[in-house]
Amino acid sequence: MAQEVRGVIAPGKDEPVRIETIVVPDPGPGEAVVRVQACGVCHTDLHYKQGGINDEFPFLLGHEAAGVVEAVGDGVSDVEPGDFVVLNWRAVCGRCRACLRGRPWYCFDTHNARQKMTLTDGTELSPALGIGAFAEKTLVAAGQCTKVDPAVAPQVAGLLGCGVMAGIGAALNTGNVGRGDSVAVIGCGGVGDAAIAGSHLAGAGTIIAVDIDDRKLETARSMGATHTVNSRETDPVEAIRELTGGFGADVVIEAVGRPETYKQAFYARDLAGTVVLVGVPTPEMKLELPLLDVFGRGGALKSSWYGDCLPSRDFPMLIDLHLQGRLDLGAFVTETIGLDEVEKAFERMHQGDVLRSVVVL
């Protein structure tokens with residue numbers, strides 16, 4: 001039978017979020033119901049609330065989550081009730097041209113649950129990134145559930161569901177950061193700090209953190225940055241070149257998503273270096289670069305989708321590294337809150353006061 005649970009919805013553009021009773025149907029074929037234990041407050045949820053993604057209100061917010069599988073539908077074999085899982089928003093199909101070429105992290109036909117969660121009056125909800133985990137329980141496609149070691153704390157594990165994975169993956173998977181490489185990360189929010197942590201994990205020799213907020217730069221040092229640059233006070237391109245022997249960094253990761261910072265990343269890399277765009281731009285943004293510079297500097301200009309991760313491969317590996325003490329995922333958790341504090345968490349996020357607020361249920 002369908003279940004009624006509490007959840008946080010965004011009722012309309014820029015309206016305050018509120019707690020409502022959510023109806024969660026029994027899982028159908030290929031679906032799973034997950035009892036949510038923790039869910040991070042991600043900037044993408046704020047984009048949904050502000051109408052920056054689409055206008056399919058009301059949204060059931062939350063997507064950076066971990067919990068326990070409660071029930072599964074027909075045909076589900078990879079997870080079963082009782083499994084501790086991290087939720088992901090790109091469940092690979094296994095059939096598209098990317099999957100069939102052995103590149104499932106580029107899957108072009110990712111899927112979500114077919115059934116809709118609703119309000120008690122029958123109003124259908126649009127779950128954020130196909131998850132909707134600011135709720136006591138949520139319905140997802142079973143492929144969105146990645147089983148991991150239950151020894152990890154849920155508020156830590158859930159962060160891999162979005163921001164932390166995006167940043168670590170931008171360094172390890174997209175940027176292919178290697179031992180001794182020089183790396184610059186522009187933008188030191190949660191994703192940027194995760195890119196710094198990933199670069200440190202990969203053995204980068206020089207890791208330069210760039211931001212306009214000294215508080216964020218201090219946090220970046222704790223994540224593994226060897227140098228910091230306040231770009232409000234110093235030209236970041238010149239500073240990065242100076243710190244890399246005058247050449248520029250081997251890999252520059254842009255974690256802001258703005259044309260201005262992308263140009264900084266482009267010109268701050270070494271010849272034949274790599275630029276990785278993991279910051280998410282808005283639809284109206286345009287970029288203009290001299291084509292001769294694109295040709296003459298060589299290298300690679302890459303976009304990083306979800307850190308080019310394969311959840312079944314990357315989530316368990318990163319959880320294991322955390323449990324071994326080699327990757328401090330707990331450092332990303334600034335505070336734990338309840339469902340009724342999500343609106344305040346958005347305000348603290350906007351003010352730059354937190355790295356990550358995590359709802360614990």
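**Close-up views of a predicted model**

**View A. Surface exposure of Y267.** With a relative accessible area of 23%, Y267 is partly exposed. The model shown here, as in the other views, is predicted.

**View B. Aromatic pairs, including F57 with F59.** The structure contains 6 aromatic pairs. In one of them, the ring centres of F57 and F59 are 4.7 Å apart and the ring planes stand at 65°; because planes over 60 degrees apart count as edge-to-face, the pair is classed as edge-to-face. F57 is partly exposed, at 23% relative accessibility, whereas F59 is buried, its relative accessible area being 1%. A further edge-to-face pair is made by F266 and Y267, with 4.9 Å from centre to centre and 90° between the planes. Y48 joins F57 and F59 in one aromatic cluster.

**View C. The ring of F266 and the charged end of R297.** F266 has 0% relative accessibility and therefore counts as buried. The charged end of R297 sits over the ring of F266, at 5.9 Å from the ring centre.

**View D. An open sheet of 6 strands.** The strands pair in parallel, in the order 13-12-11-14-15-16. Strand 13 (227-230) and strand 16 (300-303) are at the edges; each has a single partner strand, so one side of each lacks a neighbour in the sheet. On average, and with direction ignored, neighbouring strands are turned by 15° against each other.

**View E. Strands 14 and 15, with helix 7 across part of the sheet.** Strand 14 (residues 249-254) pairs with strand 15 (residues 269-277) in the parallel sense over 5 bridges. V252 has V275 of strand 15 as its bridge partner. Helix 7 (residues 236-243) lies across strand 11 (182-186), strand 12 (206-211), strand 13 and strand 14, and runs at about 165° to strand 12.

Methods. Residues are numbered from 1 along each chain as its sequence is written. This is a predicted model: local features need pLDDT of at least 70, side-chain atom pairs count only at pLDDT 80 or more; totals for chains, interfaces and linings use all residues. Side-chain values use heavy atoms; hydrogens and water are left out. Rings of Phe, Tyr and Trp (its six-membered ring) pair if their centres lie within 6.5 Å; planes under 30 degrees apart count as stacked, over 60 as edge-to-face and the rest as tilted. Buried means under 20% relative accessible area, exposed over 50%, partly exposed in between (1.4 Å probe, protein chains only). A charge sits over a ring if NZ of Lys or CZ of Arg is within 6 Å of the ring centre and within 35 degrees of the ring normal. Two strands pair if DSSP finds at least two bridges between them. Helices (H or I, at least four residues) and strands (E, at least two) are DSSP runs, numbered from the N terminus. Axes are lines fitted to C-alpha atoms, for helices over the stretch in contact, and angles run from 0 to 180 degrees between N-to-C directions. Contact means heavy atoms within 4.5 Å.
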